[in-house]
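The following note sets out points for a colleague's consideration. It concerns helix packing, the nonpolar core and some backbone details.

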Amino acid sequence: MRVWIVFLLCLAGKALAAPTEEEAVAVDTMVEEEPIMEEDPAVEEPIMEEEEVVVEEGEEVGANPVQVETGEEAFDEAIDIEDVVTENPCLNHHCKKGKVCEVDDTNSPMCVCQDPTTCPAAVGEFEHVCGTDNKTYDSSCHFFATKCALEGTKKGHKLHLDYIGPCKYIAPCMESELKEFPLRMRDWLKNVLVTLYERDEDNNLLTEKQKLRVKKIYENEKRLQAGEHSLDLLALDFEKNYNMYIFPVHWQFGQLDQHPVDGYLTHTELSPLRAPLIPMEHCTTSFFEMCDADSDKYIALEEWAQCFGLKEQDVDKDLVI
């Protein structure tokens, strides 16, 4: 019985494996219908050779060699540029007149005395200045460079810029002339402020607080217009319109008190006002010497106001804007 069962299973397996008669016919038909391609002996199929890809050491597989090389070179160049282009430490380092900035061994900025020979040549005589040593210097650059080289010496301590222009004879100031000087000076300061107010379209010449104070003077119908006036008229106007002169006197003090802002004027701080005035007003030096009432080489606000004839109760530090 077992033998028959095995025999039947074998027959069933052969039946499943062997193609049917229809399938065999279909296969034979497809073979017969397939055209036979005759090879042309003159035409040979090209043989495609495989290109050998060479991967260099250190290069990523699959990366574009051109891109890899370009990227690395650009990165290296960028590093080189950053190393070379460094900010000059002297760009934002300020040195006083007569000194220039140089970089020391640690790449730190420092101020050293300028060599007078490196100063630009004077264009004309108008650039010449006169020192208190009665010597004419080609320009203010030459003067301050010379003064810097004399730092720490008695001569350097006494040397100051006297006035603009070549040295010339300055007549001595008589006592009567010295009394007249404040009259012209007060009127001049008032007119300077009025002129700045008229021209200050971009708010660069006066602050808003200053403009408000000058506006009152400018719009006052009693204001004495600029011009050549007799000393008697100047004295009369100061008496009648005293309040118009209080702020201009304080304003000029604030303009000069800059290095440092400490409420005192030194000889150096007075130079911007003294230098252009001396050739025109020979009593300028004597006037500022008189203002230093206690002879301490400094002019305080109270001394300054007194020089211009202001009353003690009208001296106000808040007006020094």
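1. In this predicted model, the axes of α10 and α11 come within 9 Å and cross at roughly 150°. Because angles over 145 degrees count as roughly antiparallel, α10 and α11 are assigned to that class. On the α10 side the contact is made by L270, L273, R274 and L277, and on the α11 side by T284, T285 and F288. By residue type, the contact of α10 with α11 comprises four nonpolar, two polar and one charged.

2. A second helix pair, α6 and α7, has axes that come within 10 Å and cross at roughly 110°. The range of 65 to 115 degrees counts as roughly perpendicular, and α6 and α7 are therefore described in that way. Here K190, L193, V194, Y197 and E198 of α6 meet K211, V214, K215, I217 and Y218 of α7. The residues of the contact of α6 with α7 divide into six nonpolar and four charged, with no polar residue.

3. The largest nonpolar core contains 36 residues, of which L265, L270, L273, F287, W304 and F308 touch the most other members. Two or more residues are given to this core by each of α6 (175-199), α7 (208-218), α9 (243-256), α10 (267-277), α11 (284-291) and α12 (301-307). The element that gives the most is α9, with eight residues. In soluble globular proteins, nonpolar side chains tend to be buried together.

4. The surroundings of L265 merit a separate entry. With neighbours within four places in sequence left aside, L265 is in contact with F253, L256, D257, L270, K297, Y298, I299 and W304. Apart from the largest core lies another core, of seven residues, including Y137, F143, L159 and A275.

5. Which residues are joined by a cis peptide bond? The bond lies between H259 and P260, and its omega is about -5°. P260 itself is found in the loop between α9 and β6 (264-265).

6. Positive phi values in residues other than glycine also deserve attention. For N134, phi is near 60°, and this residue is placed in the loop between β3 (129-131) and β4 (136-137). N134 has a relative accessibility of 57% and so counts as exposed, the cut-off being over 50%.

7. K297 likewise has a positive phi, near 70°. Its place is in the loop between α11 and β7 (299-300). Is K297 buried or exposed? With a relative accessible area of 69%, K297 is exposed. K297 is also among the residues in contact with L265.

8. Some totals describe the chain as a whole. The chain has twelve helices and seven strands, and buried residues make up 28% of its 321 residues. Among contacts with a separation of 6 or more, 56% are between residues 24 or more positions apart. The exposed area of the chain is about 23,600 Å², and carbon and sulfur atoms supply 54% of this area.

Definitions and conventions: Residues numbered from 1 in each chain as written. Predicted model: local features only at pLDDT ≥ 70, side-chain atom pairs only at ≥ 80, totals over all residues. Heavy atoms only, no water. Helix = DSSP H or I, 4+ residues; strand = E, 2+ residues; numbered from the N terminus. Buried < 20%, exposed > 50% of the residue type's maximum accessible area, 1.4 Å probe, protein only. Contact = heavy atoms within 4.5 Å. Areas by Shrake-Rupley, 256 points an atom, 1.4 Å probe, with all protein chains shown as cover. Core = buried A, V, L, I, M, F, W, Y, C linked by side-chain atoms within 4.5 Å. Axes fitted to C-alpha atoms, helices over the stretch in contact; angles between N-to-C directions. Parallel < 35°, antiparallel > 145°, perpendicular 65-115°, else oblique. Nonpolar A, V, L, I, M, F, W, Y, C, P; charged D, E, K, R; others polar.
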